[in-house]
Amino acid sequence: MSVNNSPESIIDISALSFSRGTRQIFRHVDMKIPRGKITAIMGPSGTGKTTLLKLIGGQLRPDGGHIEIDGLDVHGISRQQLFTLRERMGMLFQSGALFTDMSVYENVAFPIKVHTKLPDDMVRDIVLLKLQAVGLRGARDLMPSELSGGMARRVALARAIALDPDIVMYDEPFTGQDPIAKGVLVKLIRQINEALGHTSIIVSHDIQETMSIADNIFLLSDGEVIASGSPQELLSNQTEQVKQFMQGLPDGPVPFHFSDDDVLEDLYFTEER
Amino acid sequence: MLNQFALLGRSVLDRLAGIGRSGGVVWQSLVAKPAPFVMFPLLLKQIYFIGVLSLVIIIVSGLFIGMVLGLQGYTILVDYGSEQAVGQMVALSLVRELAPVVTALLFAGRAGSALTAEIGLMKATEQLSSLEMIGVDPLRRIVAPRLWAGFISMPILAIIFAMVGIWGGALVSVEWLGIFEGSFWSNMQNSVSFTGDVLNGVIKAVVFGIVVTWIAVFQGYDCVPTSEGISQATTRTVVYSSLAVLALDFILTALMFGDL
Ligand SMILES: Nc1ncnc2c1ncn2[C@@H]1O[C@H](COP(=O)(O)OP(=O)(O)OP(=O)(O)O)[C@@H](O)[C@H]1O
Ligand SMILES: [Mg+2]
């Protein structure tokens, strides 16, 4: 199992620990996210992938360890510096999180208007291009409440890349998309990455799509990185846990169930006790 | 027994922590570098939602309360043959007490609850998080304009309430009960002092406006981001701000009119 061998990492996570209440979500996790590459973060539902993105974005504070972006400690800088740093990041939220009081057009235009002084017609061109890229130029005047789930997520994606950020984090970009849209999004993410040299972090359960674009994969389970490397390396990984996840088998060392008491016991014996 | 003490201590600590956090929220949002071009349109929009849309309920309530005051004042004063003083009674009760207090209570129910629910829902749907990730501070973008709009709207609403109320009182006592119009107004003018009554009433309204808006905005910002969390936060806004307004009213009245 090879750790990523790119010397240039843009995000450097060291000894990261984080817990929610009594549940420890990360235990001394180390990760290096290479610059200009597409890195995928995979793992069973509930392992803390979304949590990891929020830690990187500085929205949650770790219990221990550091996250450095380009040498800046995300949790050590001032609030003002953190907001400046975030201008260089784009994040697609798992829920989309569009601003419900703005139309599709205004949602995508929002980051551009806040952070640049571009004239209106230029903003308009950028917004329409981004909407075109996700296939929703025709939906620009709709309100978020008038969109389907998949459409809303694509608008959110257009908003996340509106400012051409250095680091784009996609939380489940393919969920809820039809096969055509999936294909388009895969191409779009790769294109953004290649054309502009941005770093992308993708959280996804879609093994095929992720395998086809990721340069590098981290597999998380139970608070630890259980495997990392290129897609080929992960596919040929012979560890039981990794094989189970990559092939989608229900039984194996990776727990599918949230907590582990025996289901029969729970069903039949609790009442009598 | 020990357990109960521990629980009590815990809840006191939680309350204190809450007050501390809410102070932090207000501090962070108001001590921002002013950005007038961004702030002003947002502020106007919030003044519209918080202030202008509250006008109807304020005007209707003010009118009825003024009319009731005129009627009650007349029936009480007529026994002593001093029904000419009804104008003075209506104006003093409105300006000193009823306008600031009732406006604040209505404001908490009409605008405060809406503020809490709106901000809470933005939190629950991750709109606040996504603002943060776009590099925009939600305290400045969302919270600050709402706080200022509340601070500005509430005293103006209270003044409108008092004016409409006095007019309602005049309507009942002059038009209906037939008190001589000249003595109604001149009695009022002679007894209501600007610094003693009007200014103190406005000060009350300003204080209530700050407290109610602060509570409403903080409850939304700090709520548990679920449906139950939002509904509980909305209830807390109305309950806490009503209690705070009534308690503060007593304290302010004692300070202003109590000759302490
Ligand atoms: N606000 C919260 N309060 C308490 N626990 C939380 C909260 N949010 C998430 N958790 C817990 O943290 C763990 C990780 O959650 P997270 O959302 O990061 O999972 P995930 O890996 O993104 O899962 P999925 O693939 O289903 O999106 C979960 O077990 C969840 O129970
Ligand atoms: Mg998730």
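The following paragraphs lead through a predicted model, from a metal site and two sheets in chain A to a set of packed helices in chain B.

In this predicted model, local features need pLDDT of at least 70 and side-chain atom pairs count only at pLDDT 80 or more, while totals for chains, interfaces and linings use all residues; side-chain values use heavy atoms, with hydrogens and water left out. Residues are numbered from 1 along each chain as its sequence is written, and chains are lettered from A and ligands numbered from 1 in the order in which they are written.

A good place to begin is the magnesium ion (ligand 2), which A:Thr50 (OG1) and A:Gln94 (OE1) coordinate at 1.9 to 2.3 Å. A:Thr50 lies in helix α1 (residues 49-56) of chain A and A:Gln94 in the loop between β6 (89-92) and α3 (104-115) of chain A, so the pair ties together parts that are 44 residues apart in sequence. Donors here are N, O and S atoms within 2.8 Å of the metal (3.2 Å for Na, K and Ca), and because water is not among the atoms, sites may look incomplete. A:Thr50 has a relative accessibility of 24% and counts as partly exposed, as does A:Gln94 at 38%; in these terms buried means under 20% relative accessible area, exposed over 50%, and partly exposed in between (1.4 Å probe, protein chains only).

Helix α1(A) also leads to the sheets, whose elements are DSSP runs numbered from the N terminus (helices are H or I, at least four residues; strands are E, at least two). An open sheet of 6 strands in chain A has the order β6-β7-β8-β3-β9-β10 with mixed pairing, where two strands pair if DSSP finds at least two bridges between them. Its edge strands, each pairing on one side only, are β6 and β10 (224-229) of chain A. Strand β9 (residues 216-221) of chain A pairs with β10(A) in the antiparallel sense over 5 bridges, and A:Leu220 stands opposite A:Val225 in β10(A). On this sheet packs α1(A), which touches β3 (38-42), β6, β7 (167-171), β8 (199-203) and β9 of chain A, contact meaning heavy atoms within 4.5 Å.

Another open sheet of chain A has 4 strands in the order β2-β1-β4-β5, with antiparallel pairing, and its edge strands are β2 (23-34) and β5 (72-73) of chain A. Within this sheet, 5 bridges join β1 (residues 9-20) to the antiparallel β4 (residues 64-69) of chain A, and A:Ser14 has A:His66 in β4(A) as its bridge partner. Helix α1(A) lies across β1, β2 and β4 of chain A.

In helix α9 (residues 240-247) of chain A, A:Val242, A:Gln244, A:Phe245 and A:Met246 are buried, and their cover includes β3, α7 (207-213), β9, β10 and α8 (231-235) of chain A.

Chain B brings the packed helices. The axes of α3 (residues 55-77) and α6 (residues 138-176) of chain B come within 7 Å and cross at roughly 40°, and these helices are therefore oblique to each other. Residues meeting between them include B:Gly62 and B:Gly66 of α3(B) and B:Gly165 and B:Gly169 of α6(B). The axes of α6(B) and α8 (residues 194-221) of chain B come within 8 Å and cross at roughly 150°, which makes α6(B) roughly antiparallel to α8(B). Axes are lines fitted to C-alpha atoms, for helices over the stretch in contact, with angles from 0 to 180 degrees between N-to-C directions; angles under 35 degrees count as roughly parallel, over 145 as roughly antiparallel, 65 to 115 as roughly perpendicular and the rest as oblique.
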